[in-house]
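Please look over the model below with this short briefing at hand. It takes up two sheets, the surroundings of a ligand and a pair of packed helices.

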Amino acid sequence: MSGTTGLALATRGLRKNYGPRRALDGLDLSVPEGVVYGFLGPNGAGKTTTMRVLTGLIHADGGKVELLGKPFKRGDRRRLFEVGALVESPTFYPYLSARANLRELAASGAPVPSKRIEELLDLVGLCDRSNDKVQGFSMGMKQRLGIAGALLSDPKLLLLDEPANGLDPAGIVAMRDTLKALASQGKTVFVSSHLLAEIQVMADVVGIIAAGKLVREGPLKELLSMQGVVKARVRPNLVDAAIETLVPLAPTERLTETDRDEGWLAVHIAADRAEDVSQKLAGAGIYVSGLESGNDLEMLFLELTGGQTIDGEGTFIGLGGPGNGNVTSGKDTAA
Ligand SMILES: Nc1ncnc2c1ncn2[C@@H]1O[C@H](COP(=O)(O)OP(=O)(O)OP(=O)(O)O)[C@@H](O)[C@H]1O
Ligand SMILES: [Mg+2]
């Protein structure tokens, strides 16, 4: 693999089948160092499968993986000391306490000072329960302990599969802050979720997968600016005139009426261009009675992943087949 300098994690053409079911279909990921990378995809897209391959739990059928700048091959599990991971529900000794479980885990890897265990129990908010047996823990508490376990060896690269599962709102906020703080210390955090909202508030870079393939990857800011939308409300009888007036700002396919009866129209341009829209319309004697702007990443996510699944033969079903990689407008495809 070449050209992967500055990447903490890269995959090229990763393939994995479970019997006749294709789970990964030539997955290419490029995860820069020192970022929170949001690995986003709907249920069944292949996130957990990817995580399993990356942590050596299963072998890929094809393709390459590079972890921290070096190829990761079969039998390289020792390399994983540099990588912290939480894939699926963490398993612990139920009859041992939280602290004892972390000690056991520490004993199985590179040496960890006992101070670190106390710091991590504090970090994930389990100090009060550190002497309690894990069998009495709630799902969220086990998840917190799992995150502590993943951080134990102070890894440069952290792989977390749906870490927010089972966490309460306060736990989610705390986890998000922790992950951001780790990235600001130069560590790389690769975190999966099927929820856009979750990724949107913490990721620097986003990779969206569907049916085992990457469908979009890039800095969150870039995706957001591409998915900007400015909505303006004009007199309903002026909607057509308004759309015509706005053509210099955006090509016609980026100009849509959203609610003709109410006079709302949408311009798919960067969200910070609301003033341009209002100015242009005013110049043509059309005055807006409402103006909104924001990002429609939800729409992009649905367009890119909505209804797209793979059947046993590897044929696409649903929206946007394999030859239709660049879907441009939800209105066109979702109809
Ligand atoms: N052990 C397995 N045996 C057979 N098929 C599997 C197995 N694990 C996963 N699959 C299939 O592989 C595909 C990808 O599954 P995977 O668990 O990687 O998805 P995911 O993105 O993690 O989904 P979720 O958001 O639901 O966790 C699915 O079609 C799933 O049914
Ligand atoms: Mg999963």
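In this predicted model, leucine 67 stands opposite lysine 70 in S5, within a pairing of strand S4 (residues 62–67) with S5 that runs in the antiparallel sense over two bridges. These strands belong to an open sheet of four strands, ordered S2-S1-S4-S5, whose pairing is antiparallel.

**The sheet S2-S1-S4-S5 and helix H1**

- The edges of this sheet are formed by S2 and by strand S5 (70–71), each of which pairs on one side only.
- Helix H1 packs on the sheet, where it touches strand S1 (7–18), S2 and S4, and the direction of H1 makes about 65 degrees with that of S2.

**The shell around ligand 1**

- Strand S2 (21–32) and helix H1 (47–54) each supply at least two residues of the shell around ligand 1, and H1 gives the most, with three residues.
- The residues that surround ligand 1 are Tyr18, Arg21, Ala23, Gly41, Asn43, Gly44, Ala45, Gly46, Lys47, Thr48, Thr49 and His194.
- By residue class, this shell around ligand 1 divides into three nonpolar, seven polar and two charged residues.

**The packing of H2 and H3**

- Helix H2 (residues 98–107) packs with helix H3 (residues 114–123) at an angle of about 130 degrees, and their axes lie 10 Å apart; that angle makes H2 oblique to H3.
- The crossing of these two helices, H2 and H3, is right-handed.
- On the side of H2 the contact is made by Ala98, Arg99, Leu102, Arg103 and Ala106, and on the side of H3 by Ile117, Leu120 and Leu121.
- The residues of this contact of H2 with H3 comprise six nonpolar, no polar and two charged ones.

**The sheet S12-S13-S11-S14 and helix H9**

- Another open sheet is formed by four strands in the order S12-S13-S11-S14, again with antiparallel pairing.
- Strand S12 (255–259) and strand S14 (290–295) stand at the edges with a single partner strand each, so one side of each is left without a neighbour in the sheet.
- Neighbouring strands of this sheet are turned against each other by 25 degrees on average, direction ignored.
- The pairing of S12 with strand S13 (residues 264–267) is antiparallel and extends over four bridges, and glutamate 257 stands opposite leucine 265 in S13.
- Helix H9 (residues 274–283) packs on this sheet and touches strand S11 (228–233), S13 and S14, while the direction of H9 makes about 35 degrees with that of S11.

How values were computed
Residues numbered from 1 in each chain as written. Chains lettered and ligands numbered in written order. Predicted model: local features only at pLDDT ≥ 70, side-chain atom pairs only at ≥ 80, totals over all residues. Axes fitted to C-alpha atoms, helices over the stretch in contact; angles between N-to-C directions. Parallel < 35°, antiparallel > 145°, perpendicular 65-115°, else oblique. Left-handed = near helix turned anticlockwise from the far one by under 90°. Contact = placed C-beta atoms within 7 Å. Nonpolar A, V, L, I, M, F, W, Y, C, P; charged D, E, K, R; others polar. Pairing = 2+ DSSP bridges. Near = placed C-beta within 6 Å.
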